[in-house]
Amino acid sequence: MAINWFKYSSPASFYSLAGKLIPIFSIVALILFLVGLYISFFVAPTDFQQSEAYRIIFIHVPAAWMSMFLYLIMAGWAAIGLAFNTRLSSMIATAIAPTGAMFTFLALWTGALWGKPMWGAWWVWDARLTSELILFFLYIGFMALQAAIDDPRRADKAGAVLALVGVVNIPIIYFSVKWWNTLHQGATVSLTESPKMASIMLTGMLIMSIACWMYSIAMVLIRTRTIILERERHTVWVSELHKGTT
Amino acid sequence: MAWASLSDFLSMGGYGFYVWGSFLVFLICLVGEVVLVLNRRRTLLKQLSLTHEATKNEQNNETTT
């Protein structure tokens, strides 16, 4: 069976597909958040070094992962939009930026609240923290640039170039703890080594991460649908869609 | 993990400010984003139905005159 992938590159058919997917992702996200929070506070034991303060890990690490993943995905869609001139890809990239910026902020915020009791400082100009802060500015810059250009297609292209240049920052964040002597600890979970933490803590962290994934997908789909409506409001299919709902 | 009491749970071994400060802001951000995203959609839908009504009225006027 051949699937026609191009069918969903049209905003009109993507719009209805996304509408069906949003409830699924939202419900799965909600359930996983509840399970993850239950593990974070009631199943995971007290850490022998950090006492209860380590529980911040259950949101700090997922937020930091999402901040990097979402940037790569955003840059990926922006690049497709730039290369193939597909409207929908650029709209998805635009829709990802606010959620990515929010997770970057949360990684920095929870990191500060974790750093204060453990390192004695809210903030240090260490490679990991600084490169994450630059990531936050990249998201903000991407959104500000797109908002400053009136023509949406030109805004897409300008944003895409900025997003692609910024990709260089992602490996810097990821490897910063290896390349430099940082106050920030090394990777707790790595693809090449076995994790350096108790399995229940790892389970809780992974569940919270998947919950963040599902949440982000739901948010991006809703925002993409809104952007589609905003940009295609003068087309026939939107006005027909509207006759149906009102 | 069993907590002895509610106050024990809230104090988080003396790190209550840091732990709850993290989790509360996390929650506020996620819920806040949901509210903002849904609001943006609702406002747009309202605008669209208004413009749609307007064009329909225009068409009606054109046919009657």
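In which hand of crossing does H2(A) pass H5(A)? The crossing is left-handed, meaning that the near helix is turned anticlockwise from the far one by less than a right angle, where clockwise would make it right-handed. More on that pair below.

## Ground rules

This is a predicted model, so local features need pLDDT of at least 70, side-chain atom pairs count only at pLDDT 80 or more, and totals for chains, interfaces and linings use all residues. Residues are numbered from 1 along each chain as its sequence is written, while chains are lettered from A and ligands numbered from 1 in the order in which they are written.

## The two chains

Chain A has eight helices and zero strands; helices (H or I, at least four residues) and strands (E, at least two) are DSSP runs, numbered from the N terminus. Reading from that end, the chain A elements go α-α-α-α-α-α-α-α. Its C-alpha atoms fill a box of roughly 65 × 35 × 35 Å along the principal axes. Of the 246 residues in chain A, 39% count as buried, where buried takes 20 or more other C-beta atoms within 10 Å of a residue's own, exposed is 12 or fewer, and partly exposed is in between, with C-beta atoms placed from the backbone.

Contacts here are pairs of residues whose C-beta atoms, placed from the backbone, lie within 7 Å. Among the chain A contacts between residues at least 6 apart in sequence, 77% join residues at least 24 apart. Chain B comes to two helices and zero strands, and buried residues make up 14% of its 65 residues.

## H2 against H5

Back to the opening pair: H2 (residues 57-84) and H5 (residues 152-166) of chain A have axes that come within 9 Å and cross at roughly 135 degrees. That makes H2(A) oblique to H5(A). On this scale, angles under 35 degrees are roughly parallel, over 145 roughly antiparallel, 65 to 115 roughly perpendicular and the rest oblique. The axes are lines fitted to C-alpha atoms, for helices over the stretch in contact, with angles from 0 to 180 degrees between N-to-C directions.

From H2(A), the contact uses A:Met74, A:Ala75, A:Ala78, A:Ala79, A:Gly81 and A:Leu82, and they meet A:Asp156, A:Lys157, A:Gly159, A:Ala160, A:Ala163, A:Leu164 and A:Gly166 in H5(A). By class, that is eight nonpolar, three polar and two charged residues. Ala, Val, Leu, Ile, Met, Phe, Trp, Tyr, Cys and Pro count as nonpolar, Asp, Glu, Lys and Arg as charged, and the others, Gly among them, as polar.

## H3 against H7

The axes of H3(A) and H7(A) come within 8 Å and cross at roughly 130 degrees, and the two helices are therefore oblique to each other. This crossing is right-handed. H3(A) brings A:Met91, A:Ile92, A:Thr94, A:Ala95, A:Ile96 and A:Thr99, while H7(A) brings A:Ser216, A:Met219, A:Val220, A:Arg223, A:Thr224, A:Ile227 and A:Ile228. The class split is eight nonpolar, four polar and one charged.

## The core

The largest nonpolar core has 72 residues, and A:Ile56, A:Met74 and A:Ala218 touch the most other members. Such a core is a set of buried Ala, Val, Leu, Ile, Met, Phe, Trp, Tyr and Cys residues joined through C-beta atoms within 7 Å. Elements giving two or more residues are H1, H2, H3, H4 (127-148), H5 and H7 of chain A, together with H2 (16-64) of chain B. H7(A) has the largest share, 17 residues.

Leaving aside neighbours within four places in sequence, A:Met74 contacts A:Ala93, A:Ile96, A:Ala97, A:Gly100 and A:Ala163. With the same kind of neighbours set aside, A:Ile22, which lies in H1 of chain A, touches A:Ala218, A:Leu221 and A:Ile222. A:Ile22 is partly exposed because 17 other C-beta atoms lie within 10 Å.

## Where A meets B

The contact takes 31 residues from chain A and 21 residues from chain B. On the chain A side, the elements giving two or more residues are H1 (11-43), H3 (87-119), H7 (199-231) and H8 (236-245). H3(A) gives the largest share, nine residues. That side divides into 17 nonpolar, eight polar and six charged residues.

## A spot on H4

A:Ser131 lies in H4 of chain A and counts as partly exposed because it has 19 C-beta neighbours inside 10 Å. Beyond four places in sequence, A:Ser131 contacts A:Asn169, A:Ile172, A:Ile173 and A:Ser176. The C-alpha atoms of A:Ser131 and A:Pro171 are separated by 9.8 Å, with the two residues 40 apart along the chain.

Methods. Contact = placed C-beta atoms within 7 Å.
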